[in-house]
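Me: Please give a close account of the ligand site in this model. I should like the criteria to be stated along with the values.

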Amino acid sequence: MAYYNEHTVLWQDGRILKASEAKTDLYGQSLHYGYAVFEGIRSYRTAAGATKIFKAEEHYHRLRRSAEALNMPYTYDADTLIKATYDILEKNHLQDAYIRPVVYGPANMSFNPNTESFTVIQTWEMAPFLGEKLLKVMTSSFQRPNPKGFKIEAKASGHYVNSILASQEAKGKGFDEALLTDMNGNIAEGPGANMFFEKDGRLFTPEKGNILPGITRATVLEICSELGIPVEEGQFTIRQLRSADAAFFCGTAAEVIGWESIDDTKFPVPWKDTLGRKIQQTYKDLVIEKQDQLTTA
Ligand code: PMP
């Protein structure tokens with residue numbers, strides 16, 4: 001996939017630069033040790049034709065919290081970065097886009113703290129919502145990073161080696177995606193998405209603590225409360241998941257996407273009849289600001 005061409009611009013610490021000409025230092029902790037934080041954000045062409053970044057404040061606030069969790073100097077307020085993002089979306093002629101801000105360090109090959117950080121915002125085109133194909137999911141042999149070893153609630157670059165290993169393992173075995181457990185063997189999340197499962201008209205999702213608490217997960221919880229769907233946050237086993245009626249992933253990039261199966265177990269309720277499908281439709285309308293928005297959104 002081509003993420004940029006000779007016309008594409010990005011934002012780097014207050015400057016608009018050509019993506020093909022922007023530079024970073026190769027002698028730093030971010031490249032060598034994965035010591036960087038980032039966000040994954042979506043913008044959409046709304047039903048009215050405008051460009052709208054979905055949950056922009058929430059994402060830029062999490063970027064700040066991630067940087068602070070890793071002791072990285074961080075100076076930008078959310079408004080500045082949101083304005084910068086709309087600016088490059090417009091300059092790149094993008095509406096349905098993926099937005100990737102990254103905060104990274106200067107030249108420093110030691111483990112000592114930095115006195116400054118750099119921030120870059122990149123954008124590329126992302127096709128509008130698909131979400132119809134159901135996923136064959138595999139229980140990963142990899143567990144999510146132990147929260148006693150990492151700041152698991154931070155969206156830190158280094159954590160994603162774990163995601164890459166799990167996703168590559170699942171795809172190598174003919175599945176579409178992985179499901180990782182936590183350090184106790186309970187269900188945690190996908191490599192880049194949170195999950196919910198449905199049983200007897202209720203939804204269940206892993207509680208915070210061993211997962212990245214997703215902004216989409218929070219949106220799904222809001223949708224559930226709006227639609228009167230009961231949800232339980234807790235610790236759940238793969239065995240419980242195998243006897244579920246249905247399941248789905250949710251994340252900024254994945255949006256809401258249903259599962260066909262977990263390992264060799266197919267979910268019995270057709271996706272069109274699930275709570276997940278109802279939530280998927282509501283989410284889809286919400287991001288493009290179609291008709292009545294949630295009051296809490
Ligand atoms: N878990 C992980 C590990 C992720 O990378 C993501 C994507 N950011 C999520 C969950 C979902 O988070 P969000 O809904 O904020 O995109």
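Reply: In the class counts used here, Ala, Val, Leu, Ile, Met, Phe, Trp, Tyr, Cys and Pro are nonpolar, Asp, Glu, Lys and Arg are charged, and the others, Gly among them, are polar. By these classes, the shell around the ligand holds five nonpolar, seven polar and four charged residues. The model is a predicted one, in which local features need pLDDT of at least 70, side-chain atom pairs count only at pLDDT 80 or more, and totals for chains, interfaces and linings use all residues. Residues are numbered from 1 along each chain as its sequence is written, and side-chain values use heavy atoms, with hydrogens and water left out.

There are 16 residues around the ligand, and Tyr160, Glu189, Ile215, Thr216 and Thr252 come nearest; a residue is near when one of its heavy atoms lies within 4 Å.

Polar contacts, pairs of N or O atoms within 3.5 Å, involve both kinds of ligand atom named next. Lysine 155 places a polar side-chain atom 2.8 Å from a nitrogen atom of the ligand. For threonine 216, a polar side-chain atom is 2.6 Å from a ligand oxygen atom. In threonine 252, a side-chain N or O atom likewise lies 2.6 Å from an oxygen atom of the ligand. On its own the ligand has 380 Å² of accessible area (Shrake-Rupley method, 1.4 Å probe), of which the protein covers 96%.The space that the ligand takes is the second largest pocket. A pocket is defined on a 1 Å grid over the protein atoms alone, as an open set of points where a 1.4 Å probe fits, with protein on both sides within 12 Å along at least five of seven lines. A molecule sits in a pocket if more than half of its atoms lie within 2 Å of the grid points.

Key
Polar contact = N/O pair within 3.5 Å; in protein donor to acceptor, adjacent residues only side chain to side chain. 1 Å grid on protein atoms, 1.4 Å probe; cavity = no way out; pocket = protein on both sides within 12 Å on 5 of 7 lines; lining within 4 Å.
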